[in-house]
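Good morning, colleagues. Please have the sequence and the model open, as I shall refer to both throughout.

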Amino acid sequence: VGGLEVAEGDSSAATAMSSAGQASTVVYVFSDGCAWCRQNSPAIASLYSQAGDRFRFVGVSVGHQAAPSTPPTTLPLPFAVRRLAQRDGPFAQKVPGTPYTLVLSPQGTVLRSWMGAYAGTAKTEIEGFFHVKLPEIERP
């Protein structure tokens, strides 16, 4: 995804998204301040537990203004999470909102993307794409 830069000294997210391995990468873009992102935490954790052996997962935290020494998120996510280096950079401008989920091929091509929490049509599509069963999302 063009224009993605992670915070200085934090290269594992960029490596996971750009490495030419065999697995596709699920990029989960979220904000700690987003109520839907908090509500979606159990669903993305469930997706990871069911598909983490077939896909790489990386979280990208946007809109987090904490000091670099603080953790990039307070959400209970079971995979590596990195803070976006430039809140107003090109990648951030391409994100329509949070939560936002992208599936990247090993070559970096966007295979699928979903905007919003895993409810309704998005939930059905995600379950079909990954061949998983996700929990229901409660409204914030």
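I shall speak about the sheet, the cores, the aromatic pairs and the salt bridges, in that order. Please bear in mind that this is a predicted model.

Let me begin with the sheet. Five strands make up an open, mixed sheet, and their order across it is β3-β2-β1-β4-β5. Which strands stand at the edges? They are β3, residues 81-83, and β5, residues 110-115. Each has a single partner strand, so one side of each has no neighbour in the sheet. On average, and with direction ignored, neighbouring strands here are turned by 20° against each other.

Within the sheet, strand β1, residues 25-30, pairs with strand β2, residues 56-61, in the parallel sense, over six bridges. To find this pairing in the model, you may start from Tyr28, whose bridge partner in β2 is Gly59. Helix α4, residues 120-130, packs on the sheet and touches β1, β4 and β5. The direction of α4 makes about 150° with that of β5.

I turn now to the nonpolar cores. The largest core has 25 residues, and those touching the most other members are Ile44, Leu47, Phe57, Leu77, Tyr118 and Phe130. Which elements give two or more residues to this core? They are β1, α2 and α4. Helix α2 gives the most, with five residues.

Phe130 deserves a moment of attention. Leaving aside residues up to four places away in sequence, Phe130 touches Val26, Leu47, Ala51, Arg54, Phe55, Val103 and Trp114. There is also a second, separate core of 10 residues, and Val29, Val58, Val60 and Val95 are among them.

Next come the aromatic residues. A pair of aromatic rings is described by the distance of the centres and the angle of the planes. The count for this model comes to 10 aromatic pairs, and I shall present two of them.

The rings of Tyr48 and Phe79 form a tilted pair, at 5.6 Å centre to centre and with 50° between the planes. Tyr48 belongs to helix α2 and Phe79 to the loop between β2 and β3, so the pair links parts of the chain that are 31 residues apart. Are these two residues buried or exposed? Tyr48 is partly exposed, at 30% relative accessibility, whereas Phe79 is buried, at 8%.

The second pair is Phe55 with Phe129. Their ring centres are 6.4 Å apart and their planes stand at 45°, so this pair is tilted. Phe55 lies in the loop between α2 and β2, and Phe129 lies in helix α4, 74 residues apart. Phe55 counts as buried, at 14% relative accessibility, while Phe129 is partly exposed, at 27%. Both residues belong to one aromatic cluster, formed by Phe55, Trp114, Phe129 and Phe130. Phe130, which I named earlier for its contacts, touches both Phe55 and Trp114.

Finally, the charged side chains. Side chains of opposite charge can pair when their charged atoms come close. How many salt bridges does a search of the whole structure find? The search finds five.

One of them joins Arg112 to Glu125, with the closest N and O atoms 3.3 Å apart. Arg112 is in strand β5 and Glu125 is in helix α4, 13 residues apart. Arg112 is partly exposed, at 30% relative accessibility, and Glu125 is partly exposed, at 36%.

Another salt bridge brings together the side chains of Lys123 and Glu136, at 3.2 Å from N to O. Lys123 lies in helix α4 and Glu136 in the segment after α4, so the pair ties together parts that are 13 residues apart in sequence. Lys123 counts as buried, at 6% relative accessibility, but Glu136 is exposed, at 63%.

Glu127 also takes part in a salt bridge, its partner being Lys133, with the closest N and O atoms 3.9 Å apart. Here Glu127 is buried, at 13% relative accessibility, and Lys133 is exposed, at 56%. Lys123, Glu127, Lys133 and Glu136 are linked in a network of salt bridges.

I close with a residue in the segment after α4, namely His131. Although His131 is not a glycine, its phi is positive, at about 60°. His131 counts as exposed, because its relative accessibility of 66% is over the 50% cut-off.

Technical notes:
Residues numbered from 1 in each chain as written. Predicted model: local features only at pLDDT ≥ 70, side-chain atom pairs only at ≥ 80, totals over all residues. Heavy atoms only, no water. Pairing = 2+ DSSP bridges. Helix = DSSP H or I, 4+ residues; strand = E, 2+ residues; numbered from the N terminus. Axes fitted to C-alpha atoms, helices over the stretch in contact; angles between N-to-C directions. Contact = heavy atoms within 4.5 Å. Buried < 20%, exposed > 50% of the residue type's maximum accessible area, 1.4 Å probe, protein only. Core = buried A, V, L, I, M, F, W, Y, C linked by side-chain atoms within 4.5 Å. Phe/Tyr/Trp six-rings, centres within 6.5 Å; stacked < 30°, edge-to-face > 60°. Salt bridge = Lys/Arg side-chain N within 4 Å of Asp/Glu carboxyl O.
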